[in-house]
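Here is a friendly tour of a few helices and one residue. Please have a look at the structure first.

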Amino acid sequence: MLVFATYATGLQRYMLIMPTAVFEGFTLAVALSIGLGQIPAGFGLAAPHHAHFLPNLLESLGRLPEAKAASALVFVPEALGMYLLLRRMPRVPWMAVVPLASLPLGWLGEANPLWGLPTLRSRYGTLSPQLFQPPSLAVLSALPPDQLPSLAIAACSVAAVAVLETLISAKIAAARAGNHFDEAQETHGLGIAHAACALAGAMPPTGVFVRTSLNLSLGAVHRSAQLMQALLVGLVTLLAMPLFQNMPLPTIAAVLAVAAARMCPLAFLHDAYRHARPELYICLLTAALAVSVDMILGLLVGTVVALLRNAALTSQAPLLVQHAVLPKSEHQVGGTL
């Protein structure tokens with residue numbers, strides 16, 4: 001309902017009024033969150049469960065001496081190998097080839113517990129395909145009335161993040177691919193997707209930076225790519241779930257870490273460092289707040305700082321002098337001034 005309300009009021013067109021430095025800072029924050037968030041799975045550590053990303057990261061870094069050798073020996077070579085292969089041969093879908101080639105490692109881990117390589121099955125149990133789960137509103141009746149405002153605030157946050165992430169992902173993809181996108185159409189489609197997932201008992205979806213970045217690197221920029229991905233995910237879920245639940249968790253972590261590394265706006269950071277240091281500082285401020293505190297707060301603070309800086313620069317600009325239009329005469333050569 002909130003996403004459809006955003007679409008109906010046209011609010012989405014104002015959500016993208018952000019300077020480029022803020023967009024790139026948000027992208028950097030997402031890349032850091034995804035990439036550094038793979039440390040537990042990549043090194044076989046227990047996943048921390050703090051409410052915010054920074055405490056989780058600090059706990060993961062503190063546990064690195066406890067890293068499992070089997071996980072590290074899979075995660076580090078695969079991550080480095082995929083990153084280098086994608087730079088040398090970007091048109092080859094290495095992010096699909098490497099995980100498929102890693103399935104035998106998962107089977108060995110299942111057959112030999114001493115190998116100690118965690119898989120999807122060992123972490124989450126046997127996975128069974130279930131595309132539809134009837135939604136239940138029992139949680140609303142079981143929730144105390146004094147907690148309903150908190151539920152509404154949480155729903156607003158989820159809707160705002162979903163719209164922002166989808167639009168920002170689409171804008172960055174459109175800029176890098178040289179295409180144009182319709183904010184209203186993206187928001188309308190997101191609302192339909194939220195409704196469908198809610199009726200199926202699934203989590204709310206958004207436009208995803210990792211998949212968008214991978215699509216761009218492979219040249220899959222047509223809208224049919226999304227439909228093909230949805231069909232393939234459905235087929236894998238229904239027909240090949242027993243096969244993929246043997247996927248090693250370090251392999252999945254390597255895929256996400258490489259995708260996050262390729263998301264980092266290195267070109268923007270380099271250009272801003274050489275030619276526009278204030279833009280670099282705004283980008284880093286946005287990323288730091290988004291990673292350490294909250295994504296929305298990082299966007300808001302970065303936008304306010306950038307707009308204040310632009311206002312200060314505008315106030316220092318010289319005033320435009322409007323010249324009067326003089327009538328033509330025989331003494332004028334160029335007509336009006």
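A residue is called buried under 20% relative accessible area, exposed over 50% and partly exposed in between, using a 1.4 Å probe and protein chains only. The model is predicted, so local features need pLDDT of at least 70 and side-chain atom pairs 80 or more, while totals for chains, interfaces and linings use all residues. Numbering starts from 1 along each chain as its sequence is written, and side-chain values use heavy atoms, without hydrogens and water.

Let's begin with helix 14 (helices being DSSP runs of H or I with at least four residues, numbered from the N terminus). Its buried residues are Ala225, Gln229 and Thr237. They lie on the same side of helix 14 because they cover an arc of only 105 degrees around the axis, taken from the directions from the helix axis to the C-beta atoms. Leu227, Met228, Leu231 and Leu239 are exposed on the other side. The cover over the buried residues includes helix 13 and helix 15, where contact means heavy atoms within 4.5 Å.

Next come the helices that feature here:

| Helix | Residues |
|---|---|
| Helix 3 | 20-36 |
| Helix 6 | 69-88 |
| Helix 14 | 224-239 |
| Helix 16 | 249-263 |

The axes of helix 6 and helix 16, lines fitted to C-alpha atoms over the stretch in contact, come within 8 Å and cross at roughly 35 degrees, on a scale from 0 to 180 degrees between N-to-C directions.

Finally, Leu32 sits in helix 3 and counts as partly exposed because its relative accessibility is 32%. Beyond neighbours within four places in sequence, Leu32 contacts Gly37, Phe53 and Val291.

Notes. Helix = DSSP H or I, 4+ residues; strand = E, 2+ residues; numbered from the N terminus. Expected span 1.5 Å × (residues − 1).
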